[in-house]
Amino acid sequence: MRTMETDYLVVGAGAMGMAFTDTLVAESDAQVVVVDRGSSPGGHWTRAYPFVRLHQPSAYYGVNSQPLGSGALDDAGWNAGLHELAAGDEVRGYFDEVMQKVLLPTGRVSYLPESEYLGDGRIVGPGGDEVAVDVRRRTVDATYLETVVPSMRPPAYGVADGVVCVPPNELPLLAADFDRFVVVGAGKTGVDACLWLLAAGVAPERLRWIMPRDAWLLDRENIQPGPDFLDRFKTSFGARLTSITDAGSVDDLFAQLEANGNLLRLDPAVRPSMYRCATVSRAELDQLRRIEDVIRLGRVERIEPSGIVLTGGTVASAASTLYVDCTADGLEKRPAVDIFDGDRLVLQSVRGCQQVFSAGLIAHLELSGADDAANNALCRPVPHPNTDVDWLAMTLAEHRNELRWLAEPELMDWLATSRLNLLREMFSPMLARPRSRERLLGMVAKALLAANDKLELLLREG
């Protein structure tokens, strides 16, 4: 049995594991062993469908030390005028390059792909050889929020013989052979599948969308980086806080958030009951609204050659139909656990659906020298949302974290320079003004506190 010694053993080379390792290595002289089941870094990106793209700008994704993309604006397509969205191949290549050209050349990172972590520092490699790792500081679980995409498991409903139901990975290969398409699932993957079909020239009349729940969507224009979009970002952020403090009920809150453009919905006549952090451009939303055959009869129970059986009823289906399964729970809502926990770290989001930013921040705090209790107080997990009301709970949790960060000058300085920080553009100008810094941050804190009081009230009233 081979033995190794290291400061940190990072289990999982997905996006969070890579972002944590990058910050740890960039800001310290720590030694790190990264173990992963995959043959290359990137986690679910190595199993994603070929037309997948980020839903958020590339500028906010990846690892802190290395930019992703060129920072350009798209000049064509349904994201035109907004910051580029990296494609799946680009993201996969990026993580591989970070590992091969940034982390490994330091001589302080060892990478063990195609290997299984058994616990207690034991690893089994691809040939069955076991490696024992003596961890001096902590084992880092970067798999707790593992993203599952449709290609990683079979559909969660029955599929009769003769029915062709595939993950979106196979859609480009099979699309030309079918007259009609049924997209099952209303999350990010379902949105992507519908947009791909429409972009490929499939008439919306040939498309059916199974939508168990409608979702509130984010307008991507509100979360753009760079000075050209700063005024819009600040306006959107301020309008969100005002909507919260002025809301008389949960329904009123969502009505205000929609009215000021913070949230969007597919059908103005259908009140969404889901929120999963998916973003769209206005042009993409216009395209999605071309699909009129939207089935809102609950979840699919089974698909028969002649029809689809759902929890709320049955609908007939035509022959020569390709079913596209987009139902994997990619951002599963998992229970929050302590991030800093003795000899281990459990990576989780500390801002809503901002996993890589969260991993980098956790690594920075790990190096601060503070004890677990202090770091856990700064980093309360923010579970992924599922329902519309989860938007309130998620926003309250991230506001509470932001308030704790505002009281930490060194941490605020780090946040002002973090490439992955969505709020960097807003806070950097404030922090660059020593005379007015405390006053400006105090104004933000006051607004967050007022919003939190109202969120707590709305959550109690339900």
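**Strands, helices and salt bridges**

Reader: Quick start. What does Val184 stand opposite in E10?

Author: Ile210. Strands (E, at least two residues) and helices (H or I, at least four) are DSSP runs, numbered from the N terminus.

Reader: How do strand E9 and strand E10 pair?

Author: E9 (residues 180-184) and E10 (residues 207-210) pair in the parallel sense, over four bridges. Two strands count as paired if DSSP finds at least two bridges between them.

Reader: What kind of model is this?

Author: A predicted one: local features need pLDDT of at least 70, side-chain atom pairs count only at pLDDT 80 or more, and totals for chains, interfaces and linings use all residues. Residues are numbered from 1 along each chain as its sequence is written, and side-chain values use heavy atoms, with hydrogens and water left out.

Reader: Back to strands. What is the order of the open sheet of five strands?

Author: E8-E18-E9-E10-E14, with parallel pairing. Strand E8 (164-166) and strand E14 (294-295) are the edges, and each pairs on one side only.

Reader: Which helix packs on the sheet?

Author: Helix H4 (residues 188-199). H4 touches E9, E10 and strand E18 (321-325). Touching, or contact, means heavy atoms within 4.5 Å. The direction of H4 makes about 175 degrees with that of E10. Axes are lines fitted to C-alpha atoms, for helices over the stretch in contact, and angles run from 0 to 180 degrees between N-to-C directions.

Reader: What about E1 and E2, in which sense do they pair?

Author: In the parallel sense, over four bridges. One bridge joins Tyr8 to Val32 of E2.

Reader: Which residues point one way from strand E2, and which the other?

Author: Val32 and Val34 go one way, Val33 and Val35 the other. All are buried. Buried means under 20% relative accessible area, exposed over 50%, and partly exposed in between (1.4 Å probe, protein chains only).

Reader: Helices now. At what angle do helix H12 and helix H13 pack?

Author: About 145 degrees, with the axes 8 Å apart. H12 covers residues 424-431 and H13 residues 437-461. H12 brings Phe427, Met430 and Leu431 to the contact, and H13 brings Arg437, Leu440, Leu441 and Val444.

Reader: By class, how many residues of the contact of H12 with H13 are nonpolar, polar or charged?

Author: Six nonpolar, no polar and one charged. Here Ala, Val, Leu, Ile, Met, Phe, Trp, Tyr, Cys and Pro are nonpolar, Asp, Glu, Lys and Arg are charged, and the others, Gly among them, are polar.

Reader: And H8? How many of its residues are buried?

Author: 12 of 12, so H8 is mostly covered. Among them are Phe357, His364 and Glu366.

Reader: How far apart are the end C-alpha atoms of helix H8?

Author: 16 Å. That agrees with the span expected for the 12 residues 355-366 at 1.5 Å a residue, also 16 Å. The expected span is 1.5 Å times one less than the number of residues.

Reader: What does Ser418 touch?

Author: Asn64, Phe357 and Arg424, not counting residues up to four places away in sequence. Ser418 is in the loop between helix H11 (409-417) and H12. Ser418 is buried, at 2% relative accessible area.

Reader: Salt bridges next. What does the count come to?

Author: 29. The rule: a side-chain nitrogen of Lys or Arg within 4 Å of a carboxyl oxygen of Asp or Glu.

Reader: Which residue forms a salt bridge with Glu5?

Author: Arg136, with the closest N and O atoms 3.2 Å apart. Glu5 lies in strand E1 (residues 2-11) and Arg136 in strand E6 (residues 130-141), so the pair ties together parts 131 residues apart in sequence. Glu5 is exposed at 54%, while Arg136 is partly exposed at 41%.

Reader: Where do Asp89 and Arg92 lie?

Author: Both lie in helix H2 (residues 88-103), three residues apart, about one turn of the helix. Their side chains meet in a salt bridge at 2.1 Å, N to O. Asp89 is exposed at 55%.

Reader: Arg265: buried or exposed?

Author: Buried, at 14%. Arg265 meets Glu258 in a salt bridge (2.9 Å, N to O). Glu258 is partly exposed at 26%.

Reader: Which residues do salt bridges that share partners join into one network?

Author: Glu5, Asp7, Arg136 and Arg137.

Reader: Last one. How far apart are Met152 and Arg47 in space?

Author: 7.2 Å, C-alpha to C-alpha, though 105 residues apart in sequence. Met152 lies in the loop between E6 and strand E7 (158-159). Met152 is partly exposed, at 28%.
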